[in-house]
Each structure stands twice: as C-alpha cells, then as structure tokens.
Amino acid sequence: MTPVDPELAADGVDEVLVCMLAGGVGEVPDDEVGGRSLDLAVRGPHAATWRVRCGRDEVTVVRHDTDPGIADVADAVVTGDPEDVLLWCWGRGPLDRLEVEGDPVVVAALRRRLALATR
C-alpha cells in the first residue's frame, strides 16, 4: 500500500468528521452514549485535535490545530499518525495501531457512528 501524505491524511480526517459525520447525521446506533465526548488527535507535522460530541440528534465537531489541552476533559482520546487515524475513521485500519485512553464504550460508539457516516 502506498503511504498517504500526512497533510492529506489530516485533511481526510477533517473531511470525514466535519462533512460526513457531523454534516450527515442520520441513523443513530441503538446503544447511543449521547452527550459524551471523544478527542480524535493526529500527531506529527500536521498535528490537529478534533473534539467530537455525539448526541441523539446531532454530532458536533470542533477542530484545534494546536493542542488546547482539551484531552484532559474528554471521555476518551484516540491518537495516532495521520494515516492510521484516517484509516480507522474509514473502518480500514485497526484500533490497535492507535493510542486509546479513557472509556472504550465511547470509542466503540464513535466507530459505529463513523461506520454509518462513511458507508
């Protein structure tokens, strides 16, 4: 597999979260963990952090191009290289290639939401 440029991968993560996940709220998984938040972060030269909050009727996504210290208040944090985060967002990369902190239920709920948004 050809590596994805880190800047392009970070832009891809942004597109999946902002346009597809937050912009296209449709089906909601039955085991919704509404109101909980997850920080999805990419590291490296194109570092960014997205705060994702899933509710029953909406998903909000806020991007920070620097680390504002928001990971301290999130229910879970998923961090990795841009390509690995992008692949995980699309369901094409394993979670074990990423660093995961916090509540695994929140991480699994976001993955289910991403699966609905990217199908």
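**How two helices cross**

Helix α1 passes helix α2 in a left-handed crossing. The contact draws on P6, A9, A10, G12, V13 and V16 from α1, and on P82, E83, V85, L86 and C89 from α2. Sorted by character, the residues of this contact come out as 9 nonpolar, 1 polar and 1 charged. Before going further, keep in mind that the structure you are looking at is a predicted model.

How can we describe such a pair of helices? In general, two packed helices are described by the angle between their axes and by the distance between those axes. Here, α1 covers residues 6–22 and α2 covers residues 82–89. Their axes come within 8 Å and cross at roughly 30°. Angles under 35 degrees count as roughly parallel, and α1 and α2 are therefore roughly parallel to each other.

Now let us zoom in on one residue of the contact, G12. You will find G12 in helix α1. Is G12 buried or exposed? G12 has a relative accessible area of 15%, and buried means under 20%, so G12 is buried. Look across from there to L86, which also takes part in the contact, on the α2 side. G12 and L86 are 74 residues apart along the chain, yet their C-alpha atoms are separated by 6.4 Å.

What about the rest of α2? This helix is mostly covered, with 8 of its 8 residues buried. Walking along α2, you meet P82, E83, D84, V85, L86, L87, W88 and C89, and these are buried. Among them, P82, E83, V85, L86 and C89 are the ones that touch α1. After α2 comes G91, which has a positive phi, near 75°.

Finally, step back and take in the whole protein. How many helices and strands does the protein have? There are 3 helices and 5 strands, and along the sequence they follow the pattern α-β-β-β-β-α-β-α. Try tracing that order in the structure above. Of the 119 residues in the protein, 44% are buried. The protein exposes about 6300 Å², and carbon and sulfur atoms supply 50% of that area.

The G12 and L86 pair showed residues meeting across a long stretch of chain, with their positions 74 residues apart in the numbering. For the protein as a whole, take the contacts between residues at least 6 apart in sequence: 61% of these join residues at least 24 apart.

Notes: Residues numbered from 1 in each chain as written. Predicted model: local features only at pLDDT ≥ 70, side-chain atom pairs only at ≥ 80, totals over all residues. Heavy atoms only, no water. Axes fitted to C-alpha atoms, helices over the stretch in contact; angles between N-to-C directions. Helix = DSSP H or I, 4+ residues; strand = E, 2+ residues; numbered from the N terminus. Parallel < 35°, antiparallel > 145°, perpendicular 65-115°, else oblique. Left-handed = near helix turned anticlockwise from the far one by under 90°. Contact = heavy atoms within 4.5 Å. Nonpolar A, V, L, I, M, F, W, Y, C, P; charged D, E, K, R; others polar. Buried < 20%, exposed > 50% of the residue type's maximum accessible area, 1.4 Å probe, protein only. Areas by Shrake-Rupley, 256 points an atom, 1.4 Å probe, with all protein chains shown as cover.
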